[in-house]
Amino acid sequence: MNWVAPIKDEETLRRYEQELMNLDKKYFIMFRLGVGTGLQVQELLKLVVGDVKGKDILTVYLGTKKVKRSYRFEPDLKAVIEEYTTGKDDSMPLFLGHRNRSISREQAYRAMKAAGQKLGLGSVGAQTMRKTFAWKYYKNTGDIAYLTHLLNHASPSVTFRFIGEKPKVDTIASIMTPEENVRARRNLFEGGSGFNRMEYIKDTMNLLEDELENPGNDDAFYGRVEALLRSIEDLISDFYIDRAE
């Protein structure tokens, strides 16, 4: 299964949106609303025509924390919405499928995937909307802490992975509260947790070192090891740079 990624290149994003438009206006509208608001697919599918018809802004509440966000429609999106909703009752599902019901999540996924395949994008799916929203937010603000809160993630490390960016030790450490630092110290020493985790990492690296000379490994194995080592090297470098400062 391919990992679903955000679309980071603006030209690729524009071409992808055009492919969705070619499939059906509703998929173009869904994608733009998803990238603009950060709503998940199942939340987008609950929208009705009256939520966007004749309006300039869509106000939504994200996740279990119900974080309020308002998204102002760009002129081109507003024009497509006006054309798409003309003559439709306000109570109708915005993304109408069969039997006067909203399309299914699977149908949305197939459309997103099909548009991506036409452009040779193998890492596109229904989650691409939310990941592209998150990546754009991070690039525009650099505020990984608020983005983690917005997406209801357990930690900034999860959010970095979600948007396809390498975690930065100094960034994560900088948003640790004094209370969290005290708790981290306690957790690392409690029952030898910190030492045990370090031993596990060292044992794993020793096993990988032994496996490097195994002639039965395919090229993909060495690719994964290379990616792992690069990530570890970057994290260690960030950690010591942060301490030096």
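Helices here are DSSP runs of H or I with at least four residues, numbered from the N terminus. Keep in mind that this is a predicted model. Grab the structure and work through these.

**Exercise 1. A nonpolar patch**

Find the helix that holds Phe-189, decide whether this residue is buried or exposed, and name the surface patch it belongs to.

*Solution.*
- Start with the place: Phe-189 is found in helix α10, which covers residues 178–189.
- Next, the accessibility: Phe-189 has a relative accessible area of 57%, and the cut-off for exposed is over 50%, so Phe-189 is exposed.
- Finally, the patch: Phe-189 joins Leu-188 and Phe-195 in a nonpolar surface patch, and together they have about 330 Å² of accessible area.

**Exercise 2. A charged patch**

Work out which residues make up the negative surface patch around Asp-210, and where Asp-210 sits.

*Solution.*
- The members of the negative patch are Glu-209, Asp-210, Glu-211 and Glu-213.
- Asp-210 has its place in helix α11, residues 193–211.
- With 59% relative accessibility, Asp-210 counts as exposed.

**Exercise 3. The hairpin**

Describe how strands β1 and β2 pair, what lies between them, and which face of β1 is covered.

*Solution.*
- Pairing comes first: β1 (residues 57–62) and β2 (residues 67–72) run antiparallel to each other, with six bridges.
- For a landmark in that pairing, look at Thr-59, which stands opposite Ser-70 in β2.
- Now the connection: the two strands make a hairpin with four residues between them. In the turn, check the backbone of Gly-63, whose phi is positive, at about 65°.
- Last, the two sides of β1: Leu-58, Val-60 and Leu-62 make up the covered face, while Ile-57, Thr-59 and Tyr-61 are on the uncovered one.

**Exercise 4. Two acids on one arginine**

Take Arg-32, find the salt bridges it forms with Glu-74 and Asp-76, and say which parts of the chain they link.

*Solution.*
- Glu-74 and Arg-32 meet through their side chains in a salt bridge, 3.4 Å from N to O. That pair connects distant parts of the chain: Glu-74 is in the loop between β2 and α4, Arg-32 is in helix α2 (residues 25–37), and they are 42 residues apart.
- Now the exposure of those two: Arg-32 counts as buried at 9% relative accessibility, whereas Glu-74, at 30%, counts as partly exposed.
- Asp-76 also forms a salt bridge with Arg-32, and here the closest N and O atoms are 2.9 Å apart. Asp-76 lies in helix α4 and Arg-32 in helix α2, so this pair ties together parts 44 residues apart in sequence.
- Asp-76 has 40% relative accessibility and counts as partly exposed.

**Exercise 5. Lys-78 and the wider picture**

Find the salt-bridge partner of Lys-78, then name the network that Arg-32 belongs to and the total count of salt bridges.

*Solution.*
- Lys-78 pairs with Asp-56, and their closest N and O atoms are 2.3 Å apart. This salt bridge links helix α4, home of Lys-78, to the loop between α3 and β1, where Asp-56 sits, 22 residues apart.
- Lys-78 is partly exposed at 27% relative accessible area, and Asp-56 is partly exposed at 35%.
- Then the network: Glu-17, Arg-32, Glu-74 and Asp-76 are joined into one by salt bridges that share partners.
- And the total: the count comes to 11 salt bridges.

Notes. Residues are numbered from 1 along each chain as its sequence is written. This is a predicted model: local features need pLDDT of at least 70, side-chain atom pairs count only at pLDDT 80 or more; totals for chains, interfaces and linings use all residues. Side-chain values use heavy atoms; hydrogens and water are left out. Patches are made of residues with over 30% relative accessible area and no salt bridge: like charges are joined within 9 Å, nonpolar side chains (Val, Leu, Ile, Met, Phe, Trp, Tyr) within 5 Å. Accessible areas come from the Shrake-Rupley method with a 1.4 Å probe; for residues, only the protein chains shown count as cover. A salt bridge is a side-chain nitrogen of Lys or Arg within 4 Å of a carboxyl oxygen of Asp or Glu. Lys and Arg count as positive and Asp and Glu as negative; His and the chain ends are not counted. The place of a charge is taken as NZ of Lys, CZ of Arg, CG of Asp or CD of Glu. Buried means under 20% relative accessible area, exposed over 50%, partly exposed in between (1.4 Å probe, protein chains only). Two strands pair if DSSP finds at least two bridges between them.
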